[in-house]
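Q: Hi! Could you walk me through a structure I have open?

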Amino acid sequence: MFRKFSINMWRNLLSPTNTNSISKVAPTLKEIVNTSRKYWKTPHPRLISTSNINSMFVQTQETPNPNSLKFLPGVKVLENGQTIDFPKAQDAYCSPLAKLLFRIDGVKSVFLGPDFITITKADEEVEWKIIKPEIFATVMDFFASNLPVLNEAKPNSDTQINDNDDETVQMIKELLDTRIRPTVQEDGGDIIFMGYDDGVVKLKMQGSCSSCPSSVVTLKNGVQNMLQFYIPEVVAVEQVTDASDDLSEKVFEEIDSKIKQKTGET
């Protein structure tokens, strides 16, 4: 029978002095992510290009998602640990930076992290070599303008521990914040806590993770295994999608089907 940890004992368990010994027996998300990259034959993150126009040094880094690229402007984008997702242009009304990036033809979504910007392009037909120079210019011009990154929107605060959270939810949030989200953010995305019910943890993938072919492997084999290792009450992890995302996908499939019928495809 597992003994239930208090939240203070849980924090001590995840402290830097203890994580080294724990990692010898516990699965690490980094190992799972690396394994999923091998499975999907996706590369490890590496810097692939830079631009230093106007004395600003912007680097780009590959992500496991071939349609997403991580841009590192070398300056603070959001506060430490904060992220915010703009899956559609309509969502960017509260961010001057995101609005400018959505004006670039071929940009599908924008995701902001503490020190990075993840751009997801529309599809494989959009070439990075075509849109990257415009993204570089937009990012550098924006930060030279001293405009705020966000006007009204508030970054994700899903893992903030609230007074009404029970002990299991507190431990889930603590683990997400300390062991899982930092690794996922390295790949240009984030995992958002959406709820916990009857042993099922509901999470939402954002940024490069939302449409990445290896995201399901990471979620099930990585996140679920780690949560179950530390928190025996967790029986499963489920991915949550927005109703608007499901509707958009359905509309797209219907349009695609009509086009194929007109062109005689089956």
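A: Happy to; we can talk about the cores and then the backbone. This is a predicted model, where local features need pLDDT of at least 70, side-chain atom pairs count only at pLDDT 80 or more, and totals for chains, interfaces and linings use all residues. Residues are numbered from 1 along each chain as its sequence is written, and side-chain values use heavy atoms, leaving out hydrogens and water.

Q: Which residues touch the most other members in the largest nonpolar core?

A: Phe86, Val110, Leu112 and Ile117 do, out of 31 residues. A nonpolar core here is a set of buried Ala, Val, Leu, Ile, Met, Phe, Trp, Tyr and Cys residues joined through side-chain atoms within 4.5 Å; buried means under 20% relative accessible area, exposed over 50%, partly exposed in between (1.4 Å probe, protein chains only).

Q: And what does Val110 contact, beyond four places in sequence?

A: Among its contacts are Ile84, Phe86, Leu101, Phe102 and Ile119. Contact means heavy atoms within 4.5 Å.

Q: Cool. What does the second core include?

A: That separate core has 21 residues, including Val169, Ile191, Val223 and Met226.

Q: Switching to the backbone: what is the phi of Asn146?

A: Asn146 has a positive phi of about 65 degrees, though it is not a glycine. Most residues other than glycine have a negative phi.

Q: Is Asn146 buried or exposed?

A: Exposed, with a relative accessible area of 69%.

Q: What about the phi of Asp198?

A: Asp198 is not a glycine either, and its phi is positive, near 50 degrees. Asp198 also counts as exposed, at 69% relative accessibility.
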